[in-house]
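Subject: Structure handover

Hi,

Here is the structure you asked for. Please open it next to this email; my notes follow below.

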Amino acid sequence: MSTFSAPKGTYDLIPPESETFLAVREAIAAPLRRAGYGYIETPGFEHTELFARGVGESTDIVTKEMYTLTTKGGTELALRPEGTASVLRAALQRNLHRGALPVKLWYSGSYYRYERPQAGRYRHFSQVGAEALGAEDPALDAELIILAVDAYRSLGLRNFRLLLNSLGDRECRPVYRAVLQDFLRGLDLDEETRRRIDINPLRVLDDKREEVQKQLDGAPMMRDHLCDACREYHEQVRSLLTAAGVEFTDDPKLVRGLDYYTRTTFEFVHDGLGSQSAVGGGGRYDGLSEMIGGPALPSVGWALGVDRTVLALKAEGVETEVPARTEVFAVPLGEEARRALFSVVTELRRAGVAADFAFGGKGMKNAMKSANRSGARYAVVAGERDLAEGQVQLKDLDSGDQNPVALESVVTTIKEKLQ
Ligand code: HAM
């Protein structure tokens, strides 16, 4: 071990598990690409103010969980805790919203939250996300949810559930908020929760403590206070999902931890993960653009947690396909053979065959050990005598059979045998 280890709440992705992460990212991206979402990449850090205004001054993410820093020039920056505010900032800055709408974008990357680490909750984690900017259409909300479901299904994930809610809009939410505040003020709550009633009363519904949940039984729910437009919108999303064969559970207490949501909100949960059960989540955020100084740009999106999706696959015992391992391993004996077989390996790779080489000047015994460990089907072995005769030895590592093959045709022969 070195003097250093990875910081608390982070972990290294190493082979072979790292392949599962790549497979998950690719499986989530594939349906998005087919649906016309373009890839976007934004910086790992932004102006702190973007998240304060976008995600919300009173959220845990902004008040407790952001990694912030002041540059030598005095600029306040934050490592991105999420992707939505950044993607919208980039779209506005690059004038994407002046073209055809909706602008459909997807992204994949690292996010940072200073949370208390536990199974499934890290300080550095990975998301694949999608945002559809500039259209208010229940079909767009449904499209995104269906694409996430299709991604999970394509990975072979079965035991996930979709929780669905509507948080209303700027018409009906303030009215509901006031009704909820009245109700909450009558409860027996601690000091901090009381403060939350003033700042962000909906978050109280999400309190995990049993003594709080017990008192919330008769709490007024947003769904009973939706205005006609919001109710109609939500019904359309629900019926589009049903028509697409997507099951969901209505969850009137689902509020999510970010302040920008309006109308449709949803979360994917997996029951094999313990307390950190949310594998993904998202919703509509019709007011976010204006909150960060842009024009009205009703939008919807989601982000799926890659780390937790991998844990969910493990919990279900699902094996993701591993890409081709080494198929051919070259074992040279002597300097001349090193040069000849190094060229063979290069040619094999250029011909699309996964090939590796006994690096480090190993002796025959160790080199053959590496060949076997690599999982290769064939070893190409050559010494000075073979080369003098213009040939190499092709060894089938499964059967142990070994046959001479002309050096100049070894690539073609191997290609044929592998087919
Ligand atoms: P979020 O619910 O905060 O939403 O995060 C989405 C997913 O990221 C979670 O469901 C979870 O799987 C994963 N995640 C979050 N925090 C952690 C953590 N500390 N460790 C491991 N995984 C984590 C958002 O980030 C919104 N930007 C989603 C969105 C996009 N809404 C609209 N567009």
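Let me start with one residue. Asn95 is partly exposed, because its relative accessible area is 37%, which falls between the 20% and 50% cut-offs. Bear in mind that this is a predicted model. Asn95 sits in the loop between α4 and β5. Its phi is near 60°, a positive value in a residue other than glycine.

The same question can be put to Arg256: what is its phi, given that it is not a glycine? The value is positive, about 70°. Arg256 belongs to the loop between β8 (249-250) and β9 (262-270). Arg256 counts as buried, because its relative accessibility is 12% and the limit for that class is under 20%.

**Cis peptides**

Two peptide bonds to check in your set-up. One joins Leu101 to Pro102; it is cis, with omega near 0°. Pro102 lies in the loop between α4 (84-93) and β5. Asn95 is found in the loop between α4 and β5 as well. The other cis bond joins Pro15 and Pro16, with omega about 0°. Pro16 is placed in the segment before α1 (17-34).

**Overall chain**

The protein chain has 15 helices and 16 strands. How does its radius of gyration sit against the globule rule? The radius is 28 Å, and the rule gives 22 Å for 419 residues, so the chain is more spread out than a compact globule. Along its principal axes, the C-alpha trace spans about 90 × 50 × 45 Å. Buried residues account for 49% of the 419 residues.

The domain assignment gives two entries. Domain 1 covers 17-172 + 226-316, and domain 2 covers 328-418. Note that domain 1 is written as two stretches of chain. The C-alpha centres of domain 1 and domain 2 are 49 Å apart.

**Ligand site**

Now the part you will probably want to look at in detail. There are 27 residues around the ligand. Which of them come nearest? They are Glu82, Glu115, Tyr122, Glu131 and Tyr261. By class, the shell holds eleven nonpolar, nine polar and seven charged residues.

Three polar pairs are worth loading into your viewer:

- Arg113: a polar side-chain atom lies 2.9 Å from an oxygen atom of the ligand.
- Tyr260: an N or O atom in the side chain is 3.0 Å from a nitrogen atom of the ligand.
- Ala278: a backbone N or O atom is 2.9 Å from an oxygen atom of the ligand.

How much of the ligand does the protein bury? Taken alone, the ligand exposes 660 Å², and the protein buries 96% of that. The elements that give two or more residues to the shell are β6 (124-133), β10 (278-284) and β11 (299-305). The largest share comes from β10, with six residues. Ala278, from the list above, has the number at which β10 (278-284) begins.

**Buried strand residues**

Three more positions, each in a strand. First, Trp106. This residue lies in strand β5 (residues 103-112). Trp106 is buried, because its relative accessible area is 6% and buried means under 20%. Its C-alpha atom is 9.3 Å from that of Gly301, though the two are 195 residues apart along the chain. Residue 301 falls within the bounds of β11 (299-305).

Next, Leu105. This residue is also placed in strand β5. Leu105 is buried, with a relative accessible area of 8%. The C-alpha atoms of Leu105 and Leu133 are separated by 8.2 Å. Along the chain, Leu105 and Leu133 are 28 residues apart. Residue 133 is the end of β6 (124-133).

Last, Val328. This one is found in strand β12 (residues 328-332). Val328 counts as buried, at 1% relative accessibility. The C-alpha atoms of Val328 and Ala354 are 6.5 Å apart, with their positions 26 residues apart along the chain. Number 328 is also where domain 2 (328-418) starts.

That is the full set of notes.

Best wishes

Notes. Residues are numbered from 1 along each chain as its sequence is written. This is a predicted model: local features need pLDDT of at least 70, side-chain atom pairs count only at pLDDT 80 or more; totals for chains, interfaces and linings use all residues. Side-chain values use heavy atoms; hydrogens and water are left out. A residue is near a molecule or strand if one of its heavy atoms lies within 4 Å of it. A polar contact is a pair of N or O atoms within 3.5 Å; within protein, one must be able to donate a hydrogen and the other to accept it, and residues adjacent in sequence count only if both atoms are side-chain atoms. Accessible areas come from the Shrake-Rupley method with a 1.4 Å probe; for residues, only the protein chains shown count as cover. Helices (H or I, at least four residues) and strands (E, at least two) are DSSP runs, numbered from the N terminus. Ala, Val, Leu, Ile, Met, Phe, Trp, Tyr, Cys and Pro count as nonpolar, Asp, Glu, Lys and Arg as charged, and the others, Gly among them, as polar. Domain bounds come from an automatic or database domain assignment. The radius of gyration is taken over C-alpha atoms; the globule rule is 2.2 Å times the number of residues to the power 0.38. Buried means under 20% relative accessible area, exposed over 50%, partly exposed in between (1.4 Å probe, protein chains only).
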